[in-house]
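Hi there,

Here is the structure I promised to pass on to you. Have a look at it first, and my notes on what turned up follow below.

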Amino acid sequence: MNDARPPEASSAPARPDTPPAAPRRPFGAHGFDAPALGLGAGPLGAASLEEDAVDRVLGSALERGVTLIDTAPSYGRSEERLGRHLEGRREGVLLSTKLGYGVEGAPDWTGECIRRGVHQALRRLRTERLDLAFLHSCPPETLAREDVLAALRDAVEAGDVRGAGYSGDGPGLRAAKREPLFGAFQVSHNLVDQEALEEGLPAGAGVLAKRPLLNAVFAGLGDAPSPDRLELRQRFERLPPALRAPALPGGVAELALRFAAFAPGVHTTLVGTTRPAHLEANLDALARGPLPASLREAIRGAWAAHRWPGLV
Ligand SMILES: NC(=O)c1ccc[n+]([C@@H]2O[C@H](COP(=O)([O-])OP(=O)(O)OC[C@H]3O[C@@H](n4cnc5c(N)ncnc54)[C@H](OP(=O)(O)O)[C@@H]3O)[C@@H](O)[C@H]2O)c1
């Protein structure tokens, strides 16, 4: 059984030759701690990724206290791979996944799909309990379905799900905030997407910032970019030059991560990566602490000048 206790390493005094571990924080009013840096395991689901690469990034993450891992049934082979690669090292890891679709024989967004989706996730992740389970970005109409909410509530009462949450932004998030079942929220928060936090989240909720590096669109768009990536890139190009090329050791990735991770109300930032070197760079950036107030204010001001809506 997983207790997700904070690892001993995080409370040990840092030695100068020890690379920084992810700092930990109380996760809202949930009664457990979570690392300020979590691993977005979307990219770990790619069929093109070698199993060794999955093992390497997970190994680095666990070694450095990046012990909250977020996945979803829509992330390719991610859930199944996490189950295999975390076998024997599940203790102390907070596993988070999403629900609402992708269960053979059960119509999406029904109570049956939630019920069977919980068991499918437990099986794939090879665990007895999901630490966090989020409804994955459904619209307000779905949140009005009592069968969906009842199935999630039952899973919490049965102990299969430790914390129920909603992952998404915009109208779905606004509706979800009114539902007391949700004690955790996964929302976009980055240089160009601040609507969810600006509008506020319920007191005591655990908050995970997704897309904290704005999908790394600052590094280029890649082939056939999705509409979201195009939108993020367009927003990024409208930031002042000082924010697009900041004088920080880790450049704009560092600016983005330190902004998101130290935003008031954020407990965990979920960064998707398949590269241990990026994980290390992100931990180094976090170890440099909150951004100076002048930079924070410039970022808040740049967003407020446009008030771009939240991207799911
Ligand atoms: N609706 C939803 O529920 C929803 C939507 C979006 C995201 N999410 C969650 O949030 C997680 C993170 O979101 P995301 O992956 O979309 O966006 P993200 O974390 O903002 O960006 C991920 C990208 O950043 C790159 N990266 C990581 N560290 C870097 C560094 N130090 N320097 C430069 N590039 C770096 C990664 O590439 P490399 O692999 O090359 O490192 C990857 O391409 C997801 O995995 C998922 O768990 C949920």
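Let me start with one pair of side chains: Asp 228 and Arg 211 meet in a salt bridge, with N and O 2.7 Å apart. Asp 228 sits in helix H8 (residues 227–237), while Arg 211 belongs to the loop between strand E9 (206–210) and H8, so the salt bridge ties together parts that are 17 residues apart in sequence. Asp 228 is partly exposed, at 28% relative accessible area, whereas Arg 211 counts as buried, at 17%. Please keep in mind that this is a predicted model.

That pair has company, as a search of the whole structure finds 25 salt bridges. Here are two others that you may like to look at.

Asp 131 forms a salt bridge with Arg 162, and their closest N and O atoms are 3.2 Å apart. This one links distant parts of the chain: Asp 131 is in strand E6 (residues 130–136) and Arg 162 is in strand E7 (residues 161–167), 31 residues apart. Asp 131 has 0% relative accessibility and so counts as buried. Arg 162, with a relative accessible area of 27%, is partly exposed.

Arg 258 and Glu 254 also meet through their side chains in a salt bridge, at 2.6 Å from N to O. Both are in helix H10 (residues 251–261), and because they are four residues apart there, about one helical turn separates them. Arg 258 is buried, with a relative accessible area of 7%, and Glu 254 is buried too, at 1%.

Now to a pair of helices. How do H1 and H2 cross? The axes of H1 (residues 51–63) and H2 (residues 78–85) come within 11 Å and cross at roughly 65°, which means that H1 is roughly perpendicular to H2. The crossing of H1 past H2 is right-handed. On the H1 side, the contact is made by Glu 51, Val 54, Asp 55 and Leu 58; H2 brings Arg 81, Leu 82, Arg 84 and His 85. Sorted by class, the contact of H1 with H2 has four charged, three nonpolar and one polar residue.

Some of those names come back in one last item: a network of salt bridges links Glu 51, Arg 77, Glu 80, Arg 81 and Arg 84. Among these, Glu 51 is on the H1 side of the helix contact, and Arg 81 and Arg 84 are on the H2 side.

Enjoy browsing, and write back with any questions.

Best wishes

Note on methods
Residues are numbered from 1 along each chain as its sequence is written. This is a predicted model: local features need pLDDT of at least 70, side-chain atom pairs count only at pLDDT 80 or more; totals for chains, interfaces and linings use all residues. Side-chain values use heavy atoms; hydrogens and water are left out. Axes are lines fitted to C-alpha atoms, for helices over the stretch in contact, and angles run from 0 to 180 degrees between N-to-C directions. Helices (H or I, at least four residues) and strands (E, at least two) are DSSP runs, numbered from the N terminus. Angles under 35 degrees count as roughly parallel, over 145 as roughly antiparallel, 65 to 115 as roughly perpendicular and the rest as oblique. A crossing is left-handed if the near helix is turned anticlockwise from the far one by less than a right angle, and right-handed if clockwise. Contact means heavy atoms within 4.5 Å. Ala, Val, Leu, Ile, Met, Phe, Trp, Tyr, Cys and Pro count as nonpolar, Asp, Glu, Lys and Arg as charged, and the others, Gly among them, as polar. A salt bridge is a side-chain nitrogen of Lys or Arg within 4 Å of a carboxyl oxygen of Asp or Glu. Buried means under 20% relative accessible area, exposed over 50%, partly exposed in between (1.4 Å probe, protein chains only).
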